[in-house]
Amino acid sequence: MRRTRVAAALAAMITALLLQATLVGPLTLPVPVSIAAVLVAAVALVDGPATGMSFGFSLGLIADLGSRHPAGVLALSWLALGLLAGSASARRSVRGDAAIAGILCAVSSTAAAMLLIVVHADGVTLVHTVRDIVPSLLGTCCLRSS
């Protein structure tokens, strides 16, 4: 049972990262929409904060290692996303899932951008981060509800 869940989690991680890189990222280019962050929020909403934190950290670390920004930024922000979404799972309704996931994903992407600003990553500015908060929120809510 445990091996099956681990294999399913790895398959979901790889699929989400491949879809992000090939389909979702290019289609939503001006707006930072992350299918991987939505996956972390969905797993945490279903399985709770412990699973959400471990899944978010693992997926974030894999995404960090495959990108050009400093390692640990997405791992830290998606770990927090898993914790917050998992904590909200006890008090949720079915209708509120998309709203919770969308809001938490937008907060997570904003936190990751702020961390990138702090470490002086190339191409990340405060103006772009603030400008992209609302479109990111709308994009992740639409991605989660479909």
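**Why each label applies in this helical chain**

Me: Ala12 lies in helix H1; why is Ala12 called partly exposed?

Reply: The relative accessible area of Ala12 is 27%, and because buried means under 20% and exposed over 50%, with partly exposed in between (1.4 Å probe, protein chains only), Ala12 takes the middle label. This is a predicted model, in which local features need pLDDT of at least 70 and side-chain atom pairs count only at pLDDT 80 or more, while totals for chains, interfaces and linings use all residues. Residues are numbered from 1 along each chain as its sequence is written, and side-chain values use heavy atoms, with hydrogens and water left out.

Me: How do you know which residue of another part of the chain Ala12 can be paired with in space?

Reply: Ala12 and Leu39 are 27 residues apart in sequence, yet their C-alpha atoms are 8.3 Å apart in space. Two further pairs can be read in this way: Ser109 and Ala37, 72 residues apart in sequence, have a C-alpha to C-alpha distance of 8.2 Å, and Leu74 and Ser58, 16 residues apart along the chain, have C-alpha atoms separated by 9.7 Å.

Me: Where do Ser109 and Leu74 lie, and is each of them buried or partly exposed?

Reply: Ser109 is in helix H5, residues 96–118, and its 25% relative accessibility makes it partly exposed. Leu74 belongs to helix H4, residues 73–88, and because its 17% is under the 20% limit, Leu74 counts as buried. Over the whole chain of 146 residues, buried residues make up 36%.

Me: What makes up the secondary structure of the chain?

Reply: There are seven helices and zero strands, where helices (H or I, at least four residues) and strands (E, at least two) are DSSP runs numbered from the N terminus. Along the sequence the pattern is α-α-α-α-α-α-α.

Me: Why is the pair of Arg5 and Asp47 called a salt bridge?

Reply: The closest N and O atoms of Arg5 and Asp47 are 2.8 Å apart, and because a salt bridge needs a side-chain nitrogen of Lys or Arg within 4 Å of a carboxyl oxygen of Asp or Glu, the pair meets the rule. Arg5 lies in helix H1 and Asp47 in helix H2, so the pair ties together parts that are 42 residues apart in sequence. Both partners are partly exposed, Arg5 at 46% and Asp47 at 36%. By this rule the count comes to one salt bridge.

Me: What makes the nonpolar surface patch?

Reply: Leu19, Leu23 and Leu27 form it, with an area of about 290 Å². Patches take residues with over 30% relative accessible area and no salt bridge, joining nonpolar side chains within 5 Å and like charges within 9 Å. Leu23, in helix H1, has 43% relative accessibility, so Leu23 is partly exposed and passes the area limit.

Me: What lines the second largest pocket, and which helix gives the largest share of its lining?

Reply: A pocket is an open set of points on a 1 Å grid with protein on both sides within 12 Å along at least five of seven lines, and lining residues have an atom within 4 Å of a point. The second largest pocket, with a volume of about 330 Å³, is lined by 13 residues, of which Arg5, Val6, Ala9, Thr51 and Phe55 lie nearest its centre. H1 gives the largest share, seven residues, while H1 (2–27), H2 (35–47) and H3 (49–65) each supply at least two. The lining divides into seven nonpolar, three polar and three charged residues.

Methods. 1 Å grid on protein atoms, 1.4 Å probe; cavity = no way out; pocket = protein on both sides within 12 Å on 5 of 7 lines; lining within 4 Å. Points joined across faces, edges and corners; volume = space filled by probe spheres on them. Nonpolar A, V, L, I, M, F, W, Y, C, P; charged D, E, K, R; others polar. Areas by Shrake-Rupley, 256 points an atom, 1.4 Å probe, with all protein chains shown as cover.
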